[in-house]
Amino acid sequence: MTQAAAGDFIRDAVRRDNEQQTYGGRVQTRFPPEPNGYLHIGHAKAITVDFGIAADFGGICMLRLDDTNPDTEQVEYVDAIVADIEWLGFHPAAVVHASDYFQTLYEWAEHLVTTGFAYVDDQDGETISAQRGGFGKPGLESPYRNRTPEENLDLLRRMRAGEFAEGSRVLRAKIDMQHENMQMRDPVMYRIRYSHHFNTGDEWCIYPTYDWAHGQSDAIEGVTHSICTLEFDSHRPLYDWYLGHLPLPGDQPRQIEFARLELTHTVTSKRRLKTLVDEGIVDGWDDPRMPTLQGLRRRGYPASAITDFCRDIGTTRTNSRQSIEALESYVRRELNRTAQRRMAVTRPLRLVLTNWPTDEGGAPVVEWFDIANNPENETDGVRSVAFTGDLWIEADDFAEVPPPKFFRLSPGREVRLRGAYLVTCTGVVKDEAGQIVAVEATYDPASRGGTSPDGRKVKSTMHWVSAQHAVDATVALYERLFSAPYPGERTGEPLDDLDHASREVLHAKAETALVDTAPGEVVQFERLGYFALDPDQPMLFHRTVGLRDEWAAIQRRG
RNA sequence: UGGGGUAUGGGGUAAUUGGCAGCCCAGCGGAUUCUGGUUCCGUUAGUCUAGGUUCGAGUCCUAGUACCCCAGCCA
């Protein structure tokens, strides 16, 4: 704790290694995902750390697909992983596979056999597992543990040659069945699997386990700092043991662990996300409701917002859960600068200007206003928006009997129609049932452009669309990526009831909206929030994040 | 149950290695504003517990507590 508490403990460690010339001042890291799913927001943290540290010290970072389990891995995932890393703005020095090293790994396995540090075990998985003992209970040695190196070498070669059935034999490291660290109780190095591998095809029928592949791959590549997540902490002694018993071509890399990123209201478990996809609960890995990088990208999250967030939350060894609001604040900060504005109405209420002029033919005059696309960024220019005496406003923006602190339109009150005119409500039109069908108002011709020539103030500026000119759009509203808390979220208990949870957390609804003009890719529908245009369905917009929830705050107060 | 790891406001994270507990998110208050947005200013609130060393402890010592990880031929 004492020294680990220092600012960024990983960079401190790297700096120390540089000062002591442990690796001759060289820094090399790697990002090693297993291609068994799409990258999600949690991976963004690891990517930011791995690539960021290499960059900070003038080193390199490679992408290594950790493909030692052919049963779960696919090229589709490889392609997505490569694309997503690029999208985040990182460029791997190389894209490699753990399977590229299968031959070297095998030769090193023979080396361990020859030197008496590995043996072939003929027992099945259940037996081996039972013999491993438990916490506080020492393990039992396998009856095959003391075979001669010659016999082991013969058996290993025959394993590799495909002479034995799946599950019938494994290669194990010969370490210590009494070791207090369970990882050191003769871990399995190779298992027999007659599966097709997406990279090596049918060349191999024995596949290395994670522990037997990972550190060795690091060493082969010349990795200096192998940064991984906290759950591998107890693997570090094994990581070092393997490397310490092999004829390495260079320096021995060191493993450093940090806490993974967890977010509230967010499922970050490839297994669960895969279930959502497989069961058709979402449309795919890139469904905008998914916390995958592709889902977030479709939602309009800027890559820089994600990486800035990951950088700023820091790297520690403390298990923690960051709030989704913190991430969203980074998204809003970026989008406030870049997103164009549009006025939009989701629950239209008619607003009629009773003193609006008509032309010779009796039709209402149409007036065009240039309205800034983004007041935060003048270079975004203006758009031309049609205005007439027949408008739609948001139903929430009118109240016949205004509650306290209601600033918008109500009888007798004057507000600004953004960029157009000041209008004063003169009355309402109701149907037989007493429902309001329209609001009537008069406009002040002297306030053209929304100015107030005599300097009088109005408490509210409202958005509007011309009934005649408005563009139809659909907006998918979800307050949050996963808006509802799910079972066990607070306590960190496992999420067992996936079906229930998925349906609840992925709730979203689509609404129609009327928009002032056709918007661009990512837009702020004023007061509704930031939305991204769906590339597949023009005029369908996914909510990125909302604005600050000002209404809720007012109601809470009152 | 044995081993390992971690504890700082509501959430996250710093503290020159023993010297004014700072920053971000959230909250609250105010100013500005043609978005109840943005921006700006102010503000509430914290060192897991109990002892000890010291002029001085988040930091060092002792004892405890809580949480996380490890018993896949997954990674």
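These legends describe close-up views of a predicted model.

**View 1. The largest nonpolar core.** This core has 45 residues. Seven names head the list of members that touch the most others: Ile10, Phe31, Ile47, Ile85, Leu88, Ile306 and Leu327. Several elements give two or more residues to the core. Among them are helix H1 (9-19), helix H2 (41-56), strand E2 (60-65) and helix H3 (75-88). Strand E9 (254-258) is on that list too, along with helices H10 (293-298), H11 (303-312) and H12 (324-338). Helix H2 gives the largest share, 8 residues. A general tendency fits this view: in soluble globular proteins, nonpolar side chains tend to be buried together.

**View 2. Phe31 and its contacts.** Which residues does Phe31 touch, leaving out those up to four places away in sequence? The list includes Leu39, His43, Ala46, Ile47, Asp50 and Phe51. Phe31 also touches Cys61, Met62, Leu63, Arg64 and Ile85. Apart from the core that holds Phe31 lies another core, of 35 residues. Phe164, Ile175, Ile206 and Ala219 are among its members.

**View 3. Helices H4 and H6 side by side.** Two packed helices are described by the angle between their axes and the distance between the axes. Here, helix H4 (residues 102-114) and helix H6 (residues 149-161) pack at about 155°. Their axes are 8 Å apart. Angles over 145 degrees count as roughly antiparallel, so H4 and H6 are roughly antiparallel to each other. From H4, the contact uses Gln103, Tyr106, Ala109, Glu110, Val113 and Thr114. From H6, Pro149, Asn152, Leu153, Leu156, Arg157 and Arg160 meet them. The contact residues divide into 6 nonpolar, 3 polar and 3 charged.

**View 4. A sheet of 4 strands with H4 packed on it.** The sheet is open, and its order is E4-E5-E6-E7. Its pairing is antiparallel. Strand E4 (118-121) and strand E7 (206-208) are the edge strands, and each pairs on one side only. On average, neighbouring strands are turned by 20° against each other, direction ignored. E4 pairs with strand E5 (residues 170-173) over 4 bridges. Tyr119 stands opposite Arg172 in E5. Helix H4 packs on this sheet and touches E4, E5, strand E6 (188-192) and E7. The direction of H4 makes about 120° with that of E6.

**View 5. A sheet of 7 strands.** This open sheet has mixed pairing. Read the order as E19-E16-E17-E18-E12-E15-E20. Why is one side of strand E19 (461-462) and of strand E20 (465-466) left without a neighbour in the sheet? Each stands at an edge and has a single partner strand, so one side stays free of a neighbour. Within the sheet, strand E12 (residues 348-353) and strand E15 (residues 390-394) run antiparallel and are joined by 5 bridges. Arg350 has Trp392 in E15 as its bridge partner.

**View 6. Strand E25 and its partners.** Is strand E25 (residues 540-545) mostly covered or mostly exposed? E25 is mostly covered, with 6 of its 6 residues buried. Strand E21 (residues 471-477) runs parallel to E25, joined by 3 bridges. Here Thr474 stands opposite Leu540. Strand E24 (residues 529-533) runs antiparallel to E25, joined by 4 bridges. In this pair, Phe531 stands opposite Arg543. E24 and E25 form a hairpin with 6 residues between them. In the turn, Met539 has a positive phi of about 80°.

Methods. Residues numbered from 1 in each chain as written. Chains lettered and ligands numbered in written order. Predicted model: local features only at pLDDT ≥ 70, side-chain atom pairs only at ≥ 80, totals over all residues. Heavy atoms only, no water. Core = buried A, V, L, I, M, F, W, Y, C linked by side-chain atoms within 4.5 Å. Buried < 20%, exposed > 50% of the residue type's maximum accessible area, 1.4 Å probe, protein only. Contact = heavy atoms within 4.5 Å. Pairing = 2+ DSSP bridges. Axes fitted to C-alpha atoms, helices over the stretch in contact; angles between N-to-C directions. Parallel < 35°, antiparallel > 145°, perpendicular 65-115°, else oblique. Nonpolar A, V, L, I, M, F, W, Y, C, P; charged D, E, K, R; others polar.
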